[in-house]
Amino acid sequence: MSLKEQLKEEIRTEGHKMKEMSLEDKIWYIWEYYKFHIAGVILAVMFLSIIAHSAYNTTIHPALHCIVLNNRSSQELDTAVLEQDFHELMGFGKKEPVYVESMFISYGDQATEYSYASMAKISALVASRDLDVLMGDKENIEHYASMDGLADLTQILPGDILSQVEDRFVYAADSAGQSLPVSLDLSGTDFVRNIHLSEDASNLSIISNSTHKDNAIALIRYIFGL
């Protein structure tokens, strides 16, 4: 009998065995004799999926990345205000998302492992120039201002915006001890109410090395209706 005929015979035999088995026995039989083949297929599919996902991610270019620190509102932060409403208003594409993350950071004796992990993530985002806007409490604004991480708003905001928001400046010292307007007090705005931002965390700053300062400025226009 030729090899081809032997293979046909084996297939017929296997098929006959399967027909006489119960569903449970069929499942056991397939797994027992083909588990390595099945595992190989699963691993191959997972590997291809990871490659495809990684390739797709390289085509994503966030239009704005915001982090909210120490928001203590009783209501959950409504990120859709930025991720959807502002995104749509600006006409950003599907591959130009607006990212919003909420974190809690404390210092000194109150610092936790979560605080250190959050600070490490922020540092990494700033180092890679992937963070654009920081909203949070004054303690965190002062902390990042002292590291020269926040932009002097008088140097980057257009004149028409400055004239409307200068009374909302929040000052903090940089690494040289110079007091600079590095934040805007958003308290009392519809934006704060709509996004469910607590009043003590309603200070907005632009990261000094942001590559999307134009979009951050557009966000300020959006918040104040300018």
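## Salt bridges and nonpolar cores

Arg221 is partly exposed, with a relative accessible area of 26%. Let us start from this residue and work through the model, which is a predicted one. The side chain of Arg221 meets that of Asp160 in a salt bridge, at 2.8 Å from N to O. Because Asp160 belongs to helix H7 and Arg221 to helix H9, the pair ties together parts that lie 61 residues apart in sequence. Asp160, at 42% relative accessibility, also counts as partly exposed, since that class runs between 20% and 50%.

How many salt bridges are there by this rule? The count comes to three, so two are still to be visited, taking a salt bridge as a Lys or Arg side-chain nitrogen within 4 Å of an Asp or Glu carboxyl oxygen.

One of them joins the side chains of Glu101 and Lys121, with 2.5 Å between N and O. This pair, too, links distant parts of the chain: Glu101 sits in strand E2 and Lys121 in helix H4 (residues 113-127), 20 residues apart. Lys121 has a relative accessible area of 38%, which makes this residue partly exposed.

The side chains of Asp190 and Arg193 form another salt bridge, at 2.3 Å from N to O. Here both partners lie in helix H8, three residues apart, or about one turn of the helix. Asp190 is partly exposed at 49% relative accessible area, and Arg193 is partly exposed at 48%.

Now for the nonpolar interior. The largest nonpolar core has 33 residues, and Leu82, Met135, Leu204 and Leu219 are the ones that touch the most other members. Two or more residues of this core come from each of strands E1 (64-69), E2 (98-103), E3 (133-136) and E6 (203-206), and from each of helices H3 (80-90), H7 (159-165), H8 (190-195) and H9 (213-224). Which of these elements gives the most to the core? That is H9, with six residues. Some names will be familiar here: H7 and H9, which contribute to this core, are also the helices that hold Asp160 and Arg221.

Leu82 offers a good place to look more closely. Leaving aside residues up to four places away in sequence, Leu82 touches Cys66, His87, Val98, Val100, Met135, Phe191, Ile195 and Leu219. Two of these contacts, Met135 and Leu219, are themselves among the residues that touch the most other core members.

Apart from this core lies another, of 18 residues, including Met103, Leu125, Leu131 and Ile207.

Methods
Residues are numbered from 1 along each chain as its sequence is written. This is a predicted model: local features need pLDDT of at least 70, side-chain atom pairs count only at pLDDT 80 or more; totals for chains, interfaces and linings use all residues. Side-chain values use heavy atoms; hydrogens and water are left out. A nonpolar core is a set of buried Ala, Val, Leu, Ile, Met, Phe, Trp, Tyr and Cys residues joined through side-chain atoms within 4.5 Å. Buried means under 20% relative accessible area, exposed over 50%, partly exposed in between (1.4 Å probe, protein chains only). Helices (H or I, at least four residues) and strands (E, at least two) are DSSP runs, numbered from the N terminus. Contact means heavy atoms within 4.5 Å.
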